[in-house]
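Colleague: Could you take a close look at one part of this model, a sheet and what lies across it? Please give the cut-offs as you go.

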Amino acid sequence: MAKWYEEAIFYHIYPLGLLGAPKTHTEDGVTHRLRELDDWVRHMKECGFTATYIGPLFESTSHGYDTRDYKQVDSRLGDNEDFKHFVKLCHENGIRVVVDGVFNHTGREFFAFRDIQKNRENSPYRCWYQDVSFEGNTHYNDGFYYKAWHNCFELANLNLWDRGVKDYLLDVVRFWIDEFDIDGIRLDCADCLQFDFMKELRWVTGQKKEDFWLMGEVIHGDYARWVNDETLHSVTNYELWKGLYSGHNDHNYFEIAHTIRRQFDANGGIYKGCRLYSFVENHDVDRIVNKLNEKGFLQSVYTLLYTLPGIPSVYYGGEWGVEGRKEGACDDGLRPHLVLSEMEANPPIPELKGLLCKLGAIRQANPALTDGVYRELLLTNRQYAFARILGNEAVITAVNNDANPVHVEINCPVSASGAQEALTGTDAELRDGRIIWEMPAYGSAIFVIC
């Protein structure tokens with residue numbers, strides 16, 4: 001039986017943005033914004049999402065990744081009781097909850113860093129950070145140097161080789177599982193983390209919950225270094241993310257097909273058997289609407305997201321086609337404040353939510369889209385078709401990035417008495433072992449083989 005995360009459809013929430021929290025702690029006390037998520041849980045269930053990745057949540061100074069207290073929910077969002085309520089409500093609605101684990105670095109207001117500022121060489125935490133030197137300095141003029149993430153000195157790199165640091169962070173993870181009943185952690189900057197730490201984390205979380213999921217943020221490199229039986233269950237598939245928009249913009253489905261063939265082909269795919277985390281936008285990259293040259297591509301992009309090998313994730317607002325661009329180093333445009341009632345009343349792209357609801361229902365109804373072997377069936381610059389095959393069952397996806405309709409004939413990879421196009425509920429013509437179909441402009445189709 002597949003574990004929940006192998007079958008999951010994720011909804012990704014950046015809560016400080018979605019809930020309109022101030023960029024820095026300008027408010028006194030606690031503001032209970034997390035309670036506004038009650039209606040969003042209903043929305044997630046309605047759209048067919050079975051899991052949410054929400055974060056960052058730790059008490060922080062500004063954008064959420066500069067942690068100052070790992071055991072407190074950010075007071076701009078609420079308190080620990082508010083988040084317990086959210087997790088409980090999600091679980092009651094069949095939605096798993098995965099949070100951000102920011103373990104590569106802390107903010108400068110974290111207690112260990114403040115202790116070094118105060119006690120310098122005598123601080124018991126001087127080894128908790130990388131390359132601490134009291135003969136150096138930074139632009140903050142602390143009187144000592146430390147290594148920072150990408151030289152952003154508001155993010156001080158933790159020394160994960162230090163036993164005290166490891167034990168502290170593992171205790172934090174146990175606390176979040178025991179206190180909130182979370183189901184998984186997305187590891188921020190996983191490509192910077194020490195592998196022995198991730199292996200210990202895998203063991204600790206597996207002892208707490210057998211089906212606890214660990215997913216890492218990895219942009220470049222060999223994903224198999226992270227995804228294996230000892231380290232993480234999954235990582236972000238940035239290679240596919242790039243192909244999904246540029247393969248459409250360049251009218252070059254060969255790029256997407258090559259990526260999938262390289263990663264998941266049954267005969268030699270380097271990540272065959274891995275469940276990578278697929279997405280078309282997130283809190284760090286431009287919205288897919290802004291990446292695509294034609295909004296008409298959205299249907300085929302999302303159809304591929306839901307039917308290619310991988311664990312699909314939709315970033316909040318993506319179901320309505322919300323726009324947003326990164327402006328220099330500023331990510332604010334990617335992390336907007338949204339009011340659910342306003343989005344439902346006036347969505348930028350009205351038909352998109354309905355498409356995602358259908359795709360979610362199709363994926364959940366057809367195990368081949370989760371566990372099926374990938375097989376390429378048709379490939380040109382502008383048309384692409386493939387099957388997901390599970391035993392005698394098969395689901396075939398076809399997409400068209402051309403502005404004109406096109407006639408396609410697709411070989412059926414299993415014996416079939418019929419085929420239904422699941423997005424429209426229309427029976428497809430099956431002739432001599434081939435599916436005959438008229439693909440609309442910028443169209444997609446999903447054929448369930450009978």
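Modeller: What follows covers the strand order, the edges, one strand pair and a helix on the sheet.

The model is predicted, so local features need pLDDT of at least 70 and side-chain atom pairs count only at pLDDT 80 or more, while totals for chains, interfaces and linings use all residues. Residues are numbered from 1 along each chain as its sequence is written, and side-chain values use heavy atoms, with hydrogens and water left out.

The sheet is open and has eight strands (strands are DSSP runs of E, at least two residues, and helices are runs of H or I, at least four, numbered from the N terminus). Read across, the order is β13-β14-β15-β20-β17-β18-β19-β16, and the pairing is antiparallel. Two strands pair if DSSP finds at least two bridges between them. The edges are held by β13 (373-379) and β16 (406-411). Each of these has a single partner strand, so one side of β13 and one side of β16 lack a neighbour in the sheet. From one strand to the next, the twist averages 30 degrees.

Within this order, β17 (residues 419-421) and β18 (residues 426-431) pair in the antiparallel sense, over three bridges. In that pair, E421 stands opposite T426 in β18.

At the β13 end of the order, helix α8 (residues 253-264) lies across three strands: β13, β14 (383-390) and β15 (393-400). Contact here means heavy atoms within 4.5 Å. Helix α8 runs at about 155 degrees to the edge strand β13; axes are lines fitted to C-alpha atoms, for helices over the stretch in contact, and angles run from 0 to 180 degrees between N-to-C directions.
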